[in-house]
Every structure is written in C-alpha cells, then in structure tokens.
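Take a look at the model below. The text after it walks through some of its parts in turn.

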Amino acid sequence: MHLTETQAEIKELARNFAAAEIAPHAAQWDREAHFPIEVARRMGELGFLGMLIPEEYDGLGLDTTSYLIALEAIAAADASTAVLMSVHNSLPTQMLLNFGSEAQKERWLKPMARGEMVGAFSLSEPEAGSDASALRCQAVRDGGDWVLTGTKSWVTSGSFADVIMVMARTDAPDARRGSRGISAFIVTRDLPGFHVGTKEDKMGLRASPTVQLTFDGMRVPAANLLGEEGQGFVYAMRSLDNGRLGIAAQAIGIAQAALDASLDYAAERKQFGRPIREFEAIQFKLADMGARIAAARALLHATAAQKDRGESTTLHGSMSKLLASETAMWVTTQAVQIFGGYGYVKDYPVERLFRDAKVTEIYEGTSEIQRIVIARELYNSHHSI
Ligand SMILES: Cc1cc2nc3c(=O)[nH]c(=O)nc-3n(C[C@H](O)[C@H](O)[C@H](O)COP(=O)(O)OP(=O)(O)OC[C@H]3O[C@@H](n4cnc5c(N)ncnc54)[C@H](O)[C@@H]3O)c2cc1C
C-alpha cells in the first residue's frame with residue numbers, strides 16, 4: 001500500500017516506540033495483569049493520544065489512515081496498550097470534539113489530546129451488553145447537578161482514566177423513552193459518589209484494566225452534560241462507528257505479529273531433518289495467513305479513506321471490524337498450530353496473541369451484532385467503496 005511521507009513517518013515512529021518501550025515488556029505486563037500508566041503518558045508525549053484531534057484543540061490533526069497505521073504497529077507489540085489508545089482516540093475524545101461545547105473542549109479535550117488525561121467510555125452494564133439501549137443507570141436532575149446512581153461494567157482503562165464518558169438514563173422511570181432517554185455525561189474520578197468496583201480477571205488483554213464502576217448518588221455538575229439531553233445514545237453509536245475501525249486495526253496488528261513470529265519459527269524449527277517451512281502444509285498456512293491479513297487491511301484502509309472523505313462508514317466499518325477480528329482469531333489459531341507444543345506455552349508470544357485476539361470478536365459489538373448491522377445496511381442501500 002502506498003503511504004504518504006507523513007504516514008510513513010508515523011509508521012516508523014510507532015514501530016520504533018513499540019519496539020523499544022512496549023514489546024520488551026508485553027509478556028510481563030500480561031503475566032502481572034498490570035499496565036504502567038507511564039506508558040500512556042509517554043504515548044501522550046509522542047502525540048499518539050491526540051492523533052485525530054485538530055491542532056486548534058492541541059491534537060495532531062492527522063488523517064484516519066495515519067492513526068490506524070500507528071495503532072496497528074502498537075497492537076502488534078501489545079494489544080492491551082492498543083486498546084487504551086483505540087478507546088481514547090475513537091470514543092471519548094471524538095464525542096467531545098463532535099458534540100461538546102467550547103468550554104468542555106477547553107477543559108477536557110485539549111488535555112486529552114495532549115495525553116495529559118486518559119479517556120474511557122462507559123456504555124455497557126451487567127444487564128445491557130449488545131442491547132445497550134436497555135441500560136438502567138439513572139440520572140436525576142437536582143438543582144445545578146445531575147445525580148447518577150447505577151453500575152456500569154467492562155470499562156476499559158476505568159481504574160485510572162481521568163475522563164469517563166458515561167451514558168445514563170435521563171428519562172423518568174414511569175415515562176421511558178428508549179434510546180432517546182439516554183444522555184452522555186463527562187465524569188471525572190473526583191466526583192463524590194464515584195467508586196471503582198471489581199477488576200475483571202480476563203482470558204486475554206490482561207494488562208488492560210477492565211473494571212466495574214458504581215455510582216452511588218454521584219453528583220455531576222450540569223456543565224458536564226455532553227450536548228443535548230436525550231442524545232447520548234446517538235452520540236455513542238456514532239462514535240462506535242469510529243471505534244470499530246480502531247478495533248479492526250488492533251486485530252490486524254495482533255494477526256501480523258502472529259504471522260511474523262510464525263515465519264521466524266518455521267525457518268528455525270527443524271523436524272525430519274529440515275526446517276518445518278519446507279513442508280507444504282506449513283507453507284499453505286503461512287500463505288493463507290498473509291492473504292487474509294492483507295485483505296482485512298485493504299478493506300480497513302479503504303474504509304479509512306471513505307471516512308476522511310466525509311462519507312458514512314457504518315457498513316464498511318462493521319465489515320472491517322468483522323473481517324479483521326475473525327482474521328485475527330483464525331491467524332493466531334494457525335500460529336499456535338505452527339509452533340506445535342511451543343505454541344501452547346508462554347515461552348513464545350503466540351499463546352498471548354491467541355488469547356488477545358478473541359476479545360476483538362466481542363467488544364464494540366460482537367461478530368453477531370456486526371452481521372446484523374451489515375445485513376441492515378445492505379438491505380437499506382447498495383453501497384460500494
Ligand atoms: C475486555 C473487554 C473490554 C470492554 N470494554 C468496554 C468499554 O470500555 N466500554 C463499554 O461500554 N463496554 C466495554 N465492553 C463491553 C462489550 O462491548 C460487551 O461485552 C459486548 O457489547 C457484548 O455484550 P455482552 O458481553 O453483554 O454480551 P451479550 O449481549 O449478552 O451477548 C451474548 C451472546 O449473544 C449474542 N447476541 C446478543 N444479541 C443478539 C442478537 N440480537 N442476535 C444474535 N446474537 C445476539 C452475542 O453476539 C453474544 O454471542 C468490553 C468488553 C470486554 C470483554
């Protein structure tokens with residue numbers, strides 16, 4: 001794929017940063033289920049937390065392709081670091097940019113773009129996953145504040161994020177308005193009644209803290225309501241269109257890392273007196289892995305260009321996320337097979353890549369939900385890139 005000079009520079013910067021400051025530690029962070037916050041600060045210094053924010057709000061104002069190239073390089077080193085970067089860049093910052101007031105942008109978006117504040121996104125609840133509009137966390141207006149009560153689940157970076165975009169109900173319990181009864185609130189951890197709950201003990205992505213948040217009559221100033229009351233679900237869904245491109249890039253990074261490790265291993269590992277890459281069965285696996293990754297990346301970058309032209313990416317964003325995440329799961333499964341028994345232990349990275357790949361088929365809309373979105377969009381109109 002042809003890269004512009006800026007895109008090539010970004011790719012080089014991200015690869016060098018990932019090779020020097022992330023890859024050497026990824027296995028240890030996974031083992032200890034720990035993410036050092038200094039890494040996020042460092043990403044901020046390098047501009048990776050403000051890539052899609054215009055320069056007037058202290059971001060880099062880059063195109064979507066540059067961002068996805070950087071995200072893929074970081075995901076290839078560590079998927080947990082990549083999910084922080086993806087959520088921060090795609091969800092809370094984009095919601096502030098697109099729907100926030102100038103005062104909110106000054107107060108939160110600018111420091112987030114500079115990487116001084118890390119963002120999180122809180123839509124899911126224990127009883128509201130794929131059917132997110134069924135969420136129950138309740139916000140009630142009280143003088144100059146909103147009072148929030150409820151439990152949010154699965155909040156990526158929720159144990160340390162400075163700014164959390166929280167979706168809560170602002171309709172009355174006896175007059176529910178479905179998805180139109182949901183508003184978005186800018187929540188900071190200093191608010192009275194904010195509590196961090198259980199940290200999930202996950203299969204993969206172990207360095208990324210995924211936590212429950214409980215709000216016990218948490219008082220949120222009215223100035224922290226994002227945009228219009230009742231529009232929070234619409235804002236969240238629009239942002240997830242962007243988020244899915246980030247998750248696709250994360251999945252492609254994981255898959256590429258598995259292919260690279262497999263190519264090296266197949267050259268080194270000898271059985272029956274020759275490197276295993278001389279066996280056709282192994283060559284065919286490597287060929288299919290490479291072809292599927294290239295196809296997923298090509299669709300993602302075509303979708304990124306579509307986004308930068310200002311077109312809707314609902315259809316191709318869902319297709320990209322579906323194709324890339326299923327590719328990551330398939331490629332990492334082949335990688336474990338190529339490594340044989342050594343693929344099943346923690347001495348080599350493919351075991352972690354296999355565990356990390358799975359979640360890309362689940363979050364920001366499961367594969368089943370992506371297929372529902374794709375089918376709906378195909379019925380509604382015949383799009384092409
Ligand atoms: C590591 C991790 C990080 C996450 N980070 C965040 C975050 O930062 N913020 C946030 O808000 N959320 C986050 N999530 C939540 C995530 O988005 C949800 O897990 C996801 O949307 C699925 O919801 P669920 O887990 O409740 O599954 P469910 O919705 O209960 O789904 C269970 C199964 O039923 C299927 N299903 C459901 N409805 C349908 C249907 N209509 N048709 C066909 N099949 C269906 C699903 O595809 C799935 O296979 C995270 C999750 C994980 C695991």
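Trp 154 lies in strand 3. This is a predicted model, and Trp 154 is a good place to enter it. Its phi is positive, about 60°, although Trp 154 is not a glycine. Most residues other than glycine have a negative phi. Phe 272 goes against that pattern too, with a positive phi near 55° in a residue other than glycine. Look for Phe 272 in the loop between strand 9 (270-271) and strand 10 (274-275).

Now return to strand 3, which spans residues 145-156. Which strands pair with strand 3? One partner is strand 2, residues 138-142. The two run antiparallel, and 5 bridges join them. Asp 142 stands opposite Asp 145 of strand 3. Together, strand 2 and strand 3 form a hairpin, with 2 residues between them. Gly 143 sits in that turn and has a positive phi of about 60°.

Another partner is strand 7, residues 210-221. Strand 3 and strand 7 also pair in the antiparallel sense, here over 9 bridges. To find one of the paired positions, start at Leu 148: its bridge partner in strand 7 is Met 218. In a regular strand, side chains alternate between the two faces of the sheet.

Next comes the ligand. Where does the ligand sit? It occupies the largest pocket. A shell of 18 residues surrounds the ligand. The closest are Ser 124, Ser 130, Trp 154, Thr 366 and Glu 368. So Trp 154 returns here, as one of the closest residues to the ligand.

Which elements supply at least two residues of the shell? They are strand 1 (119-122), strand 3 and helix 12 (367-380). Strand 3 gives the most, with 3 residues. By type, the shell divides into 8 nonpolar, 7 polar and 3 charged residues.

Some atoms of the protein can be paired with atoms of the ligand. A polar side-chain atom of Glu 368 lies 2.7 Å from a ligand oxygen. For Thr 156, a polar side-chain atom lies 2.8 Å from a nitrogen atom of the ligand. Leu 123 uses its backbone instead: an N or O atom there lies 2.9 Å from a ligand oxygen. How much of the ligand does the protein cover? On its own, the ligand has 980 Å² of accessible area, and the protein covers 64% of that.

Definitions and conventions: Residues are numbered from 1 along each chain as its sequence is written. This is a predicted model: local features need pLDDT of at least 70, side-chain atom pairs count only at pLDDT 80 or more; totals for chains, interfaces and linings use all residues. Side-chain values use heavy atoms; hydrogens and water are left out. A residue is near a molecule or strand if one of its heavy atoms lies within 4 Å of it. A polar contact is a pair of N or O atoms within 3.5 Å; within protein, one must be able to donate a hydrogen and the other to accept it, and residues adjacent in sequence count only if both atoms are side-chain atoms. Accessible areas come from the Shrake-Rupley method with a 1.4 Å probe; for residues, only the protein chains shown count as cover. On a 1 Å grid over the protein atoms alone, a cavity is a set of points where a 1.4 Å probe fits but cannot get out, and a pocket is an open set with protein on both sides within 12 Å along at least five of seven lines; lining residues have an atom within 4 Å of a point. A molecule sits in a cavity or pocket if more than half of its atoms lie within 2 Å of its grid points. Helices (H or I, at least four residues) and strands (E, at least two) are DSSP runs, numbered from the N terminus. Ala, Val, Leu, Ile, Met, Phe, Trp, Tyr, Cys and Pro count as nonpolar, Asp, Glu, Lys and Arg as charged, and the others, Gly among them, as polar. Two strands pair if DSSP finds at least two bridges between them.
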